[in-house]
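This report describes the sheet of a protein chain and the helices that lie across it.

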Amino acid sequence: MPASASSRGIAAGEVFSLLRAGFLAVVGVVMLASCAYVPVAVDGVSVRPDVAAGAASDNPWIFVPANGWITRDTVIPVSVGACAATSCPQKVAVAVIEARGAEARALARSLNDPRSLVTRISEGNRRRIALVTQAQRGVPRATAARRIPYRVVSRTAAFRHRTLSGFTLEMRRAAAGRNEARPAHAAVLARSRGGTVKLVLVIGERAGQVQATARAVADANL
């Protein structure tokens, strides 16, 4: 996700709880890279075996030691990685997540009707703008203008691969003109089995690359 959109437009808390888990997992890549836990490579992306073992290499992918995460027992990150270096064939962040119980049921509803996610993003964005605007009363106008989040617009579409169902999501600043930020794209594919939902979440700057990566990772993990 472009820095301008993430810092001023889209708060992680505005996105569905499982998508939020994926965003936070990606943000934690650098912080967790130095942990004593062994990084867990995401199956389905091009990496050498020594990367999964934590050895130094020139491979541009970075993986989180997912087994070191402290999370709710209903949302479990299986593996998380990101490729953001200039040598990356596609600049994306990837998370494989399992959900159980109420989280899995809520995710299943969003998979069936992803438009509800767009509604949640829009409502959360409006609330955040209102709260920050209220907090800027008495602050010089130029300073307040830099702090108030941009209005965000988003759209979603159904996304299917083999027998897997999911959705794509595009988020961008609503401001028009040449300075409009590039959109951020996400793709989700999921498999339900019993009371568990296992999903692949991919975030990046290019819709085609995001969707292709989601299909590859889903083939290897779902």
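In this predicted model, helix H6, spanning residues 115-135, lies across strands E4 and E5 and runs at about 160 degrees to E4. Glutamine 134 belongs to helix H6. With a relative accessible area of 46%, glutamine 134 is partly exposed, because that class covers values between the 20% limit for buried and the 50% limit for exposed residues. Isoleucine 148 follows 14 residues away along the chain from glutamine 134, and the C-alpha atoms of the two are separated by 9.7 Å.

A second helix, H5 (residues 101-112), lies across strands E2, E3, E5, E6 and E7. Its direction makes an angle of about 120 degrees with E3. The two helices are set side by side below.

| Helix | Residues | Strands it lies across | Angle |
|---|---|---|---|
| H5 | 101-112 | E2, E3, E5, E6, E7 | about 120 degrees to E3 |
| H6 | 115-135 | E4, E5 | about 160 degrees to E4 |

The strands in question belong to an open sheet of 7 strands, ordered E1-E2-E3-E7-E6-E5-E4, with antiparallel pairing. Strand E1 (61-63) and strand E4 (152-161) form the edges, each pairing on one side only. From one strand to the next, the twist averages 15 degrees.

Within this sheet, strand E6 (residues 184-193) and strand E7 (residues 196-204) run antiparallel and are joined by 9 bridges. Arginine 193 has threonine 196, in E7, as its bridge partner.

Key
Residues numbered from 1 in each chain as written. Predicted model: local features only at pLDDT ≥ 70, side-chain atom pairs only at ≥ 80, totals over all residues. Heavy atoms only, no water. Pairing = 2+ DSSP bridges. Helix = DSSP H or I, 4+ residues; strand = E, 2+ residues; numbered from the N terminus. Axes fitted to C-alpha atoms, helices over the stretch in contact; angles between N-to-C directions. Contact = heavy atoms within 4.5 Å. Buried < 20%, exposed > 50% of the residue type's maximum accessible area, 1.4 Å probe, protein only.
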